[in-house]
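This report walks through one protein model, from its overall layout to single residues. Keep the sequence and the 3D view at hand.

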Amino acid sequence: MKNRYEALLVLNTRGKEDSVHDIVERLESEFQKEGAEIEQVQKMDKRQFSYVAGPLDSGFYVNFVFHADPQLIAKLRSKFKLDPEVYRQHYQRLREKTEERAPKKLAKAK
(Lines give C-alpha, C1' and ligand atoms only; values in the text may rest on other atoms or scores of the structure.)
Protein backbone atom coordinates (compact mmCIF):
# COMPACT_ATOMS: atom_id res chain seq x y z
CA MET A 1 0.00 0.00 0.00
CA LYS A 2 1.42 3.36 -1.01
CA ASN A 3 1.28 6.26 1.41
CA ARG A 4 1.61 9.96 0.72
CA TYR A 5 4.87 11.55 1.93
CA GLU A 6 6.64 14.86 1.96
CA ALA A 7 10.43 15.08 1.71
CA LEU A 8 12.19 18.33 2.56
CA LEU A 9 15.73 18.30 1.22
CA VAL A 10 18.32 20.99 1.92
CA LEU A 11 20.85 21.06 -0.90
CA ASN A 12 24.51 21.96 -0.68
CA THR A 13 24.85 24.29 -3.66
CA ARG A 14 28.09 25.97 -2.63
CA GLY A 15 29.79 26.91 -5.90
CA LYS A 16 26.96 25.35 -7.95
CA GLU A 17 24.25 28.02 -7.80
CA ASP A 18 23.85 27.86 -11.59
CA SER A 19 23.10 24.13 -11.62
CA VAL A 20 20.36 23.97 -8.95
CA HIS A 21 17.76 23.13 -11.59
CA ASP A 22 19.90 20.18 -12.78
CA ILE A 23 20.37 18.90 -9.22
CA VAL A 24 16.61 19.04 -8.54
CA GLU A 25 15.87 17.17 -11.78
CA ARG A 26 18.45 14.50 -10.88
CA LEU A 27 16.91 14.05 -7.42
CA GLU A 28 13.42 13.84 -8.94
CA SER A 29 14.60 11.08 -11.27
CA GLU A 30 16.18 9.26 -8.28
CA PHE A 31 12.80 9.27 -6.52
CA GLN A 32 11.13 7.89 -9.64
CA LYS A 33 13.83 5.20 -10.17
CA GLU A 34 13.12 3.89 -6.68
CA GLY A 35 9.39 3.63 -7.40
CA ALA A 36 8.00 6.85 -5.92
CA GLU A 37 5.19 8.60 -7.77
CA ILE A 38 5.92 12.32 -7.52
CA GLU A 39 2.90 14.55 -7.04
CA GLN A 40 4.61 17.92 -6.62
CA VAL A 41 8.10 19.47 -6.54
CA GLN A 42 8.40 22.83 -4.83
CA LYS A 43 11.65 24.79 -5.11
CA MET A 44 11.70 27.09 -2.11
CA ASP A 45 14.86 29.16 -2.77
CA LYS A 46 18.13 29.52 -0.92
CA ARG A 47 17.86 30.42 2.76
CA GLN A 48 20.30 31.24 5.53
CA PHE A 49 20.41 28.83 8.46
CA SER A 50 19.44 30.28 11.83
CA TYR A 51 22.65 28.86 13.29
CA VAL A 52 25.75 27.34 11.76
CA ALA A 53 26.21 23.70 12.76
CA GLY A 54 28.65 22.62 10.09
CA PRO A 55 30.56 23.83 7.07
CA LEU A 56 27.54 25.57 5.49
CA ASP A 57 25.68 28.72 6.48
CA SER A 58 22.89 28.42 3.89
CA GLY A 59 21.18 25.87 1.68
CA PHE A 60 18.67 25.55 -1.15
CA TYR A 61 15.37 24.07 0.08
CA VAL A 62 13.33 21.70 -2.10
CA ASN A 63 10.07 20.01 -1.10
CA PHE A 64 8.89 16.79 -2.78
CA VAL A 65 5.37 15.41 -2.29
CA PHE A 66 5.12 11.81 -3.45
CA HIS A 67 3.41 8.43 -3.05
CA ALA A 68 5.56 5.45 -2.06
CA ASP A 69 5.67 2.24 -0.08
CA PRO A 70 6.73 2.72 3.58
CA GLN A 71 9.95 0.70 3.20
CA LEU A 72 11.11 3.04 0.42
CA ILE A 73 11.68 5.89 2.90
CA ALA A 74 14.59 4.08 4.60
CA LYS A 75 16.09 3.31 1.20
CA LEU A 76 15.85 6.95 0.10
CA ARG A 77 17.34 8.15 3.41
CA SER A 78 20.39 5.93 3.06
CA LYS A 79 20.81 6.76 -0.63
CA PHE A 80 20.66 10.54 -0.14
CA LYS A 81 22.87 10.35 2.95
CA LEU A 82 25.70 9.38 0.59
CA ASP A 83 24.89 12.17 -1.88
CA PRO A 84 27.26 15.14 -1.36
CA GLU A 85 24.68 17.59 -2.77
CA VAL A 86 22.02 16.67 -0.17
CA TYR A 87 22.98 18.41 3.07
CA ARG A 88 19.88 17.59 5.17
CA GLN A 89 16.72 15.56 4.63
CA HIS A 90 13.42 15.18 6.45
CA TYR A 91 10.51 12.86 5.59
CA GLN A 92 6.95 13.11 6.86
CA ARG A 93 3.88 11.02 6.14
CA LEU A 94 0.93 13.10 4.97
CA ARG A 95 -2.77 12.45 5.12
CA GLU A 96 -4.37 11.34 1.90
CA LYS A 97 -6.10 14.08 -0.03
CA THR A 98 -9.82 14.14 0.58
CA GLU A 99 -12.62 15.80 -1.30
CA GLU A 100 -13.15 19.45 -0.50
CA ARG A 101 -15.67 19.67 2.30
CA ALA A 102 -18.19 22.45 2.71
CA PRO A 103 -17.18 24.77 5.55
CA LYS A 104 -18.90 24.12 8.86
CA LYS A 105 -21.65 26.52 9.80
CA LEU A 106 -20.91 28.43 12.95
CA ALA A 107 -23.61 28.84 15.56
CA LYS A 108 -24.76 32.39 16.04
CA ALA A 109 -24.17 33.92 19.44
CA LYS A 110 -27.37 34.86 21.31
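How many helices and strands make up the secondary structure of the protein? There are two helices and four strands. Helices (H or I, at least four residues) and strands (E, at least two) are DSSP runs, numbered from the N terminus. Along the chain, starting at the N terminus, the elements follow the pattern β-α-β-β-α-β.

The model is predicted, so local features need pLDDT of at least 70 and side-chain atom pairs count only at pLDDT 80 or more, while totals for chains, interfaces and linings use all residues. Residues are numbered from 1 along each chain as its sequence is written, and side-chain values use heavy atoms, with hydrogens and water left out.

## The sheet

The four strands form an open sheet in the order 2-3-1-4, with antiparallel pairing. Strand 2 (37-48) and strand 4 are at the edges; each has a single partner strand, so one side of each lacks a neighbour in the sheet. From one strand to the next, the twist averages 15 degrees. Two strands pair if DSSP finds at least two bridges between them.

Strand 1 and strand 3 run antiparallel and are joined by nine bridges. Strand 2 and strand 3 also pair in the antiparallel sense, over 10 bridges. Three residues and their partners in strand 3 are listed here.

| Residue | Partner in strand 3 |
|---|---|
| L11 | F60 |
| R4 | H67 |
| R47 | G59 |

Helix 2 packs on this sheet. The helix touches strand 1, strand 3 and strand 4, and its direction makes about 170 degrees with that of strand 4. Axes here are lines fitted to C-alpha atoms, for helices over the stretch in contact, and angles run from 0 to 180 degrees between N-to-C directions. Contact means heavy atoms within 4.5 Å.

## Inside and outside

Buried residues make up 33% of the 110 residues in the protein. Buried means under 20% relative accessible area, exposed over 50%, and partly exposed in between (1.4 Å probe, protein chains only). The protein exposes about 8,000 Å², and carbon and sulfur atoms supply 50% of that area. Accessible areas come from the Shrake-Rupley method with a 1.4 Å probe; for residues, only the protein chains shown count as cover.

How many residues of strand 3 are buried? The count is 11 of its 11 residues. Both faces of the strand are covered. On one side lie S58, F60, V62, F64, F66 and A68; on the other lie G59, Y61, N63, V65 and H67. In a regular strand the side chains alternate between the two faces of the sheet.

The largest nonpolar core has 21 residues. Those with the most contacts inside it are L9, L11, L27, F31, F64, F66 and Y91. Strand 1 (3-11), helix 1 (20-33), strand 3 (58-68), helix 2 (70-81) and strand 4 (86-94) each supply at least two of the core residues. A nonpolar core is a set of buried Ala, Val, Leu, Ile, Met, Phe, Trp, Tyr and Cys residues joined through side-chain atoms within 4.5 Å. In soluble globular proteins, nonpolar side chains tend to be buried together.

Contacts also span the sequence. Of the contacts with a separation of 6 or more, 72% are between residues 24 or more positions apart.

## Four residues to find

Start with N3, in strand 1. Is N3 buried or exposed? N3 is buried, with a relative accessible area of 6%. Its side chain makes a polar contact of 3.2 Å with the side chain of R93. A polar contact is a pair of N or O atoms within 3.5 Å; within protein, one must be able to donate a hydrogen and the other to accept it, and residues adjacent in sequence count only if both atoms are side-chain atoms. Leaving aside neighbours within four places in sequence, N3 is in contact with F66, H67, A68, P70, R93 and E96.

Next comes E85, in the loop between helix 2 and strand 4. E85 is buried too, at 15% relative accessible area. Beyond its neighbours within four places in sequence, E85 is in contact with V10, L11, N12, K16, I23 and R26.

Q48 is in strand 2. At 58% relative accessibility, Q48 counts as exposed. Beyond its neighbours within four places in sequence, Q48 is in contact with D57 and S58. Q48 and G59 are 11 residues apart in sequence and 6.7 Å apart in space, C-alpha to C-alpha.

D45 also lies in strand 2. Phi of D45 is near 90 degrees, a positive value in a residue other than glycine.
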